[in-house]
Amino acid sequence: MNSEFETLLSGQLFKKLYDKRCVLITEKYGLHKIEIEILLFLKKEKYDTARDIVEAKHFSKAHISHAIEHLMEQGYLVGRMDAQDRRCIHLKLTEEAEPVCQELLKLRKSLMKAVYKDITDEEMQVLKRVARKVAHNINEELMNEI
């Protein structure tokens, strides 16, 4: 396998660029990167529990729990107990979170624009197909390891 593809698969270059761009927002709002990821997840996804975040983002339960607690203290999140399962808390972004989320969405949009610069629509379609296959293969191997 070539080193460029291995680097792409590991995500290290993208992570480095993303982290570099996130610094302004983390410093401005006093948030950690995991808290930014939680805000973005809740803004973009229909799922809204800590368990959903753990499963989707592959962070530890302890990190998610601590980050949610901090976001609640900052006034960015509120929790609502599920009517059927009292152990389940549904998370909701507050109005205070909206400016942060808008900045994060703008940052993500500009980041994606930079990353996909000079990639044609045809190349993008091929990239998406290959990425789906690679992700499927990785998930299959992970399931075989259990």
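A residue counts as buried when its relative accessible area is under 20%, as exposed when that area is over 50%, and as partly exposed in between. The model used in these exercises is predicted.

**Exercise 1.** Find which residues of helix α2 are buried and what covers them.

*Solution.*
Step 1. Helix α2 runs over residues 12-29.
Step 2. Its buried residues are Y18, C22, I25, T26 and Y29.
Step 3. In an α-helix, residues three or four places apart point the same way, because there are 3.6 residues a turn.
Step 4. The cover over the buried residues of α2 includes α3 (33-44) and α6 (98-115).

**Exercise 2.** Describe the course of α2, from its span to the residue that follows.

*Solution.*
Step 1. The 18 residues of α2 reach 25 Å from first C-alpha to last, close to the 26 Å expected at 1.5 Å a residue.
Step 2. A kink of about 40° is centred on C22, which is also one of the buried residues of α2.
Step 3. After the helix comes G30, with a positive phi near 65°.

**Exercise 3.** Give the buried residues of α4, their cover and the residue just after the helix.

*Solution.*
Step 1. In α4 (residues 50-57), D52, I53 and V54 are buried.
Step 2. Among the elements covering them are α3, α5 (61-73) and β2 (89-93).
Step 3. H58, just after α4, has a positive phi of about 60°.

**Exercise 4.** Explain why L127 is classed as partly exposed.

*Solution.*
Step 1. L127 belongs to helix α7 (residues 121-145).
Step 2. Its relative accessible area is 34%.
Step 3. Partly exposed lies between under 20% and over 50%, so L127 is partly exposed.
Step 4. With F14, V115, Y116 and I119, L127 makes a nonpolar surface patch of about 360 Å².

Definitions and conventions: Residues numbered from 1 in each chain as written. Predicted model: local features only at pLDDT ≥ 70, side-chain atom pairs only at ≥ 80, totals over all residues. Heavy atoms only, no water. Patch = residues over 30% accessible without salt bridge, like charges linked within 9 Å, V, L, I, M, F, W, Y side chains within 5 Å. Areas by Shrake-Rupley, 256 points an atom, 1.4 Å probe, with all protein chains shown as cover. Salt bridge = Lys/Arg side-chain N within 4 Å of Asp/Glu carboxyl O. Helix = DSSP H or I, 4+ residues; strand = E, 2+ residues; numbered from the N terminus. Buried < 20%, exposed > 50% of the residue type's maximum accessible area, 1.4 Å probe, protein only. Expected span 1.5 Å × (residues − 1). Bend = angle between axes of the 7 residues up to and from the residue. Contact = heavy atoms within 4.5 Å.
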